[in-house]
Amino acid sequence: MLFKLGSLFMKPGAKLAMLAFAVVFPFLASNEYQVYVMASAFVWAIAVYGLNIITGYCGQLNLAHGGFFAIGAYTLGLLTADAGWSFWPAFIAALVVTAVLGFLVGIVSLRLKEHYFAIFTLCVGFIIYLLIDKWEELTHGPIGVRDIAAPYGFGVVDFTETTPFYYLVLAFLVFAIWFMGRLSRSLLGRTFIAIRNGDELAQSLGINLMRNKVLAFVLSTTYAGMAGALYAGMVRFIGPEEANIIHTFDMITYLLVGGIGTLTGPLLGTVGIVWITQSLQFLEEYRMIIFGPLLVILVIFFPRGITGQFLTWMHHKAQSIAPAKKRKESKVVTTQRREVENNA
Amino acid sequence: MLKVEHLTKMFGGLAAVNDVSVEFEAGKINAIIGPNGAGKSTFFNLISGMHQPTSGRILLDGEDVTRMPSDQVARLGVGRTFQTTNLFEQATVVDNLIVGHRLRTQSGLWDVLINSKRLQREEKAARDKAMEALDFVGLTHVAGQFIADITQEERKRVAFALALATDPKIVLLDEPAAGVNPEETEGFAALMRKMVDNGLTVCLIEHKMDMIMSLADKIMVLDHGEKIAEGTPEQVRNNPVVIEAYLGGEDDAAA
């Protein structure tokens, strides 16, 4: 009981502490490059949150996620650099384009189940890469897109600088996590989880599979589009490599390490791995010798990632403390009190 | 209540269910028995809309539900359990059950975004329903435990509760007592009687003959997709065709 109450108080506290750390990070960082790395980690984290909706909550392994990230980036890039739009209209357009394309890809690909869906979306991701690489009239092909606009600044705030952009990304990340939290606790989030548990069971509970899967898919591609657009606004130069399948697998790794189907997992996984990668930079490609076994161990022993393991541990701790507390208090327990305990 | 007319399901050239007509009365326990591969589960899948029949009609309270998708059939009041139920292992029992009432709610994406009154009201209703179903199957004491930490028998009861949370009129139970010991089997029989006493119609597939014979009001026997007998336990027990199907075939009927 006490432990449960304690964890309740701890939870918002932990969130606030994380937010406070993120806010003061640019002042703690020893150079601008670190702020840049953190900002890009946040951008990827937003995309990973999107992947978490369709793959973590709804259980459909979407391998086109990196492709939608690139579509978001290219929509913003081409509209600002070639069509002369300013950042925010192009940003909205990027969200709309990835949502609409997500809907179209979703209604076709989600007719397939499990690994067939994964293979199909793998192909979709590769087609997106090929389109960006070969359709030179539109995308400039391998040359890429230059001179992408950053958002207009105000007062002393200039978004072409790293630190202001860091705070912009942070704001979007907070919104992304806030919405995810609300979604995952809602009936809609529970509907997605029911689909993950099994198509047939979900249908027997009166859940329309196609409608809910498409909704989850569109949400996830919109998240990817948002991340992609922010990425384009931050680096301001993009190429076909943004659609490389390797980014999708990176995001899956972040998700698995942090905790698939959890709320803080995508953030922990992304920020953690991005910084480990940074600090192992001196090993170059040999860093995979460390990463590979680490990932294998994690998947074997902690299949739900760091956050999943932590939540399970917390739950068992609470469960084992609750009966002990009950026994202690049994002398003075009144009916009313027991009710309170049951509701806790 | 549930009326099936000349129902046939072909898988390629094989008739999994062949010209079966039967009527299940409201407020009764109806059992479907038959050797393995007789088409019992296919029959359930046809009624619940999981499979579309090749021909024939299915009427629920007079309404034609033959070609309806399964989620719509569920909304009309057909609940079901499966031989195995995959649940979210690292979530509590009650958290797993809340979604059972989802089909009676309306909230969509917009309600989530603005955290609407409707969403709050519906979430409370769904949670109350989950607790009510849990109370019905006698599992209130494990409400806060993870699915991974409860026993096999409790899992089966949770599957019952999940079907009950959908507010069904009829529940289709696929081998509810498979893999549980005799004492627990008696517990499930009592639970099914309780469901009928509360106005539900029960329809079950089962291999445990002792249980069926003492529990069912009506038994339908399937063999090779065809209905070979129908009637009270007494009638079915003494039917020579049934005895032939069970003892004469190669299938292990008493499994």
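User: Where does Glu32(A) lie in chain A?
Analyst: This is a predicted model. In it, Glu32(A) lies in helix 2 of chain A, which covers residues 32-57.

User: Is Glu32(A) buried or exposed?
Analyst: Glu32(A) counts as partly exposed, because it has 13 C-beta neighbours inside 10 Å. A buried residue would need 20 or more.

User: How far is Glu32(A) from Thr163(A), C-alpha to C-alpha?
Analyst: The two C-alpha atoms are separated by 7.7 Å. Along the chain, Glu32(A) and Thr163(A) are 131 residues apart.

User: Back to helix 2 of chain A. Which core does it give the most to?
Analyst: The largest nonpolar core, which has 160 residues. Helix 2 of chain A gives the most to it, with 16 residues.

User: Which residues have the most contacts inside that core?
Analyst: Ile46(A), Ala227(A) and Ala161(B).

User: What does the core draw from the domains of chain B?
Analyst: At least three residues from each of domain 1 and domain 2 of chain B.

User: What is Ile46(A) in contact with, sequence neighbours aside?
Analyst: Leaving out neighbours within four places in sequence, Ile46(A) is in contact with Phe172(A), Leu173(A) and Ala176(A). Tyr223(A), Met226(A) and Ala227(A) are also on the list.

User: Now the interface. How many residues of chain A are in contact with chain B?
Analyst: 25 residues of chain A are in contact with 31 residues of chain B.

User: Which helices of chain A supply that side?
Analyst: Helix 7 (162-185), helix 8 (187-197), helix 9 (199-204) and helix 14 (305-329) of chain A each supply at least two residues. The largest share comes from helix 8 of chain A, with seven residues.

User: And how do the residues on that side of chain A divide by class?
Analyst: Nine are nonpolar, twelve are polar and four are charged.

User: Switching to chain B. What is its domain assignment?
Analyst: Domain 1 of chain B takes 1-77 + 168-255, and domain 2 takes 88-167. Their centres, taken over C-alpha atoms, are separated by 27 Å.

User: How many residues are in contact between the two domains?
Analyst: Nine residues of domain 1 of chain B are in contact with ten residues of domain 2 of chain B. On the domain 1 side, helix 2 (70-75) and helix 7 (182-197) of chain B each supply at least two residues. By class, that side has six nonpolar, one polar and two charged residues.

User: What does the secondary structure of chain B come to?
Analyst: Ten helices and ten strands.

User: What about its overall dimensions?
Analyst: The C-alpha atoms of chain B fill a box of roughly 65 × 40 × 30 Å along the principal axes. Its radius of gyration is 19 Å, which agrees with the value near 18 Å for a compact globule of 255 residues.

User: How much of chain B is buried?
Analyst: Buried residues make up 45% of its 255 residues. As for contacts in chain B with a separation of 6 or more, 68% are between residues 24 or more positions apart.

User: What order do the strands take in the four-strand sheet of chain B?
Analyst: The order is 2-1-4-5, in an open sheet with antiparallel pairing. Strand 2 and strand 5 (63-64) of chain B are the edge strands, since each pairs on one side only.

User: How many bridges join strand 1 to strand 2 of chain B?
Analyst: Seven, with strand 1 (residues 2-11) and strand 2 (residues 14-24) running antiparallel. One bridge partner pair is Leu2(B) and Phe24(B). The two strands form a hairpin with two residues between them. Gly12(B), in the turn, has a positive phi of about 65 degrees.

User: And strand 4 with strand 5 of chain B, how many bridges?
Analyst: Two, in the antiparallel sense. Leu59(B) stands opposite Asp64(B) in strand 5.

User: Which residue other than glycine has a positive phi near 70 degrees?
Analyst: His140(A). Most residues other than glycine have a negative phi. His140(A) lies in the loop between helix 6 (136-139) and helix 7 of chain A.

User: Why does His140(A) count as buried?
Analyst: Because it has 20 C-beta neighbours inside 10 Å.

User: What is phi of Asp167(B)?
Analyst: Near 60 degrees, again a positive value in a residue other than glycine. Asp167(B) is in the loop between helix 6 (152-164) and strand 7 (170-174) of chain B. Asp167(B) is partly exposed, with 16 other C-beta atoms within 10 Å.

Terms used
Residues numbered from 1 in each chain as written. Chains lettered and ligands numbered in written order. Predicted model: local features only at pLDDT ≥ 70, side-chain atom pairs only at ≥ 80, totals over all residues. Domains from an automatic or database assignment. Contact = placed C-beta atoms within 7 Å. Nonpolar A, V, L, I, M, F, W, Y, C, P; charged D, E, K, R; others polar. Buried ≥ 20, exposed ≤ 12 C-beta atoms within 10 Å, placed from the backbone. Core = buried A, V, L, I, M, F, W, Y, C linked by C-beta atoms within 7 Å. Pairing = 2+ DSSP bridges. Rg over C-alpha atoms; globule rule 2.2 N^0.38 Å.
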